[in-house]
Amino acid sequence: MTVIAVLPGDGIGSEILDGPLEFLRRLAAAGAPLTLTGPLPYGTAGWQATGSILPEETIEACRSADVVLSGAVGTHPGVTAEECPNPEAALISLRNLFDLRVSVRTVWVPQLSEDVTIVRNITGGAYADPSQREESDGVSAAVDQLRLLPARVGEVLELAAGFTGDAPGRRYISVDKASVFATSRLWRATAMQVADRTGVAFDHVNVDRAAYELVSCPQLPAVIATEGIFGDILSDIVCARAGSPALCGSATINPDRNFGSGITALFEPAHGSSPRRTGTRRSNPTGAWLALAALLDWCPDLRPLGQATRIRSALEVVHRSGVRTYDLATPEQELVDMDGYNARILDELQALQPA
């Protein structure tokens, strides 16, 4: 039995999960081995409700769960940044508490009928804990230490190599800045070692060149393996090529996959909390559906149900029908709100279920 902790978070976070949660409830009612806990408070909304961006009840629920399905964490209507200045620290704390140390983002590029997978470290490196930072008082220097361990670099590259089998014939790139950073020289040397072990021929690309190619080249790479901050930036560029930040599903995972010892992964759409759109029901829920597909594929007792493939098929069918939310619609296409889009996806999923 997979236990899924639901953490809606802030702004549009709660409503963006409506469609995926309805589908999970239908699966559970049909006998799928899953149970939902929550919704659980965290982020700015958690602070508003409890005085803490990561309440103890949420941490305890995560200790009893296998995975998290999250909305968005960030700014929330009615709460100023001065009142709750760093809600994203709740997500960072969860990553560190449960060693969710690798990020896997999947950007769906429907006009090319392909995905781009970005694999990066999400703890360590540029995402160091506070002990690796020194704040400036306005006179002294500010310092951010970037430290990478060879074993952790190898882990990211091994995971990235595993995704290449899903896209034969396409390009796989390892991105660094080896001309400047010692950490990038370690990255490139490790990528070469992983290539020798796995037979996966990563192209080695400097980060500035990678950004240029993602904007200008007709075909996108299938897999990008890179350090955390580089991957954060490059994934947004790929989203721009896809047409919307809502076309990205994100997972932060513990590669050890020790089910039964707290959450092994957190799945979420990669976009922000978008407080100005909260309650409008206009947002594009695709990222939440992509995150749910990744969750269902990650969990060993849910993967055999084949629902991840059905979700992707439903998204493809709805997109080909010309239905669009506001962020992707052109004047000649059918414009629907979030609820209308979810209804189309749920209808397609119902049609795709085995008899």
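Which element gives the largest share of the lining of the largest pocket? I started my notes there. The model is predicted, and I kept that in mind throughout.

**Entry 1: the largest pocket**

I looked up the lining by element. Helix α10 gives the largest share, six residues. I then listed the elements that contribute two or more residues: β4, β5, α6, β11, α10 (286-298) and α11 (307-320). I noted a volume of about 790 Å³ for this pocket. I counted 29 lining residues, and those closest to the centre are Thr-106, Thr-117, Phe-163, Asp-166 and Asp-297. I sorted the lining by class and got 15 nonpolar, six polar and eight charged residues.

**Entry 2: the sheet**

Next I traced the strands. I found 10 of them in an open sheet, with mixed pairing. The order reads β2-β1-β3-β12-β11-β4-β5-β10-β8-β9. At the edges I have β2 (34-37) and β9 (203-206), each paired on one side only. I recorded an average twist of 20 degrees from one strand to the next.

**Entry 3: strand β12 and its neighbours**

I turned to β12, which lies between β3 and β11 in the sheet order. How many bridges join β11 to β12? I found five, and the two strands run antiparallel. One pair I checked is Ser-250 with its bridge partner Glu-268 in β12.

On the other side, β3 (residues 67-72) pairs with β12 (residues 265-269) in the parallel sense, over three bridges. Here I noted Val-67 with Ala-265 as its partner in β12. I also noted Leu-69, whose bridge partner in β12 is Phe-267.

Are the residues of β12 buried or exposed? Five of the five are buried, so the strand is largely enclosed by the rest of the structure. I checked the side-chain directions too. Ala-265, Phe-267 and Pro-269 point one way, while Leu-266 and Glu-268 point the other way. The buried set thus includes Glu-268, a residue I had already met as the partner of Ser-250.

**Entry 4: helices on the sheet**

Which strands does α5 touch? I found that this helix (residues 89-97) packs on the sheet against β1 (2-9), β11 (248-253) and β12. Its direction makes about 150 degrees with that of β12.

I then followed α6 (residues 150-163), which also packs on the sheet. Its contacts are β4 (102-109), β5 (114-121), β8 (172-176), β10 (223-226) and β11. I noted about 165 degrees between the direction of α6 and that of β5. Helix α6 had already come up among the elements lining the largest pocket.

**Entry 5: helix α5 up close**

I went back to α5 for burial. Ala-89, Ala-90, Leu-91, Leu-94 and Arg-95 are buried. What covers them? The cover includes β1, α3 (43-50), α4 (56-63), β11 and β12. After the helix comes Asp-99, and I noted its positive phi, near 55 degrees.

**Entry 6: the second largest pocket**

Last, I looked up the second largest pocket and noted a volume of about 560 Å³. It has 25 lining residues, and Thr-123, Gly-124, Tyr-127, Ala-128 and Asp-129 are the closest to its centre. Which element gives the largest share of this lining? I found α5 again, with five residues. By class I have nine nonpolar, nine polar and seven charged residues.

Methods:
Residues are numbered from 1 along each chain as its sequence is written. This is a predicted model: local features need pLDDT of at least 70, side-chain atom pairs count only at pLDDT 80 or more; totals for chains, interfaces and linings use all residues. Side-chain values use heavy atoms; hydrogens and water are left out. Two strands pair if DSSP finds at least two bridges between them. Helices (H or I, at least four residues) and strands (E, at least two) are DSSP runs, numbered from the N terminus. Axes are lines fitted to C-alpha atoms, for helices over the stretch in contact, and angles run from 0 to 180 degrees between N-to-C directions. Contact means heavy atoms within 4.5 Å. Buried means under 20% relative accessible area, exposed over 50%, partly exposed in between (1.4 Å probe, protein chains only). On a 1 Å grid over the protein atoms alone, a cavity is a set of points where a 1.4 Å probe fits but cannot get out, and a pocket is an open set with protein on both sides within 12 Å along at least five of seven lines; lining residues have an atom within 4 Å of a point. Grid points are joined across faces, edges and corners, and a volume is the space filled by probe spheres set on the points. Ala, Val, Leu, Ile, Met, Phe, Trp, Tyr, Cys and Pro count as nonpolar, Asp, Glu, Lys and Arg as charged, and the others, Gly among them, as polar.
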